[in-house]
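Biologist: Please take a close look at the nonpolar core of this chain, and tell me which parts of the fold build it and what surrounds them.

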Amino acid sequence: MVICRAASMRPRGGFPYGVATTQPVTLRRFLTLTGRAMALRCPRCGGGSLFRSWWALKPACPSCGFALDRGEPDFWIGGYAVNIVAAELLVTILLVALAVATWPDVPWALIQYGGVALALGVPILFFPVSRVLWLAWDFCFRPDRD
Ligand SMILES: [Zn+2]
């Protein structure tokens, strides 16, 4: 199933500038790349060991040479957005589930202080996954930047 066609105005395969190239984005490809990202593996080849540290990616995949540094200074803003939205959504779901599960004797103090701790901690724990997720989705929808 084709979700959409990623288009680019970049040259590829001998096409001059201004000629769009397209590559179908299928649900299977999207899910494959998302799964690799969730496992902290390279979106292109599935190889591992992409990080120098918790906070820093290597410049390229050690297995296939896929450029992890995309060369755009604002590229990772999307990764930060993925991190905040996903982490805070998860925290909200957990806290609402706790409140519903313990109703009517909801442990409000636990929710208040635990919620603050989770709201600060989960984005830190999710940070590497969010970066590789953003990279994988970029690779899925703009594959000719490879
Ligand atoms: Zn790779």
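Modeller: Two residues are taken to be in contact if their C-beta atoms, placed from the backbone, lie within 7 Å. With that cut-off, and bearing in mind that this is a predicted model, Leu135 is a useful place to begin: once its neighbours within four places in sequence are left aside, Leu135 is in contact with Ala37, Pro43 and Leu68. Leu135 also belongs to the largest nonpolar core, a set of 14 residues in which Ala37, Val132, Leu135 and Ala136 have the most contacts. The elements that give two or more residues to this core are α1, spanning 27-38, and α3, spanning 108-141, and it is α3 that supplies the largest share, namely seven residues.

To place these helices in the chain as a whole, there are three helices and two strands, which follow one another along the sequence in the pattern β-β-α-α-α. The remaining helix, α2, covers residues 77-102; its 26 residues reach 38 Å from the first C-alpha to the last, close to the 38 Å expected at 1.5 Å a residue. Within α2 the buried residues are Gly79, Asn83, Ala87 and Val91, and what covers them includes α3, the helix that also gives the core its largest share.

Over the full chain of 146 residues, buried residues make up 17%, while among contacts between residues at least 6 apart in sequence, 52% join residues at least 24 apart.

Conventions. Residues numbered from 1 in each chain as written. Predicted model: local features only at pLDDT ≥ 70, side-chain atom pairs only at ≥ 80, totals over all residues. Core = buried A, V, L, I, M, F, W, Y, C linked by C-beta atoms within 7 Å. Buried ≥ 20, exposed ≤ 12 C-beta atoms within 10 Å, placed from the backbone. Helix = DSSP H or I, 4+ residues; strand = E, 2+ residues; numbered from the N terminus. Expected span 1.5 Å × (residues − 1).
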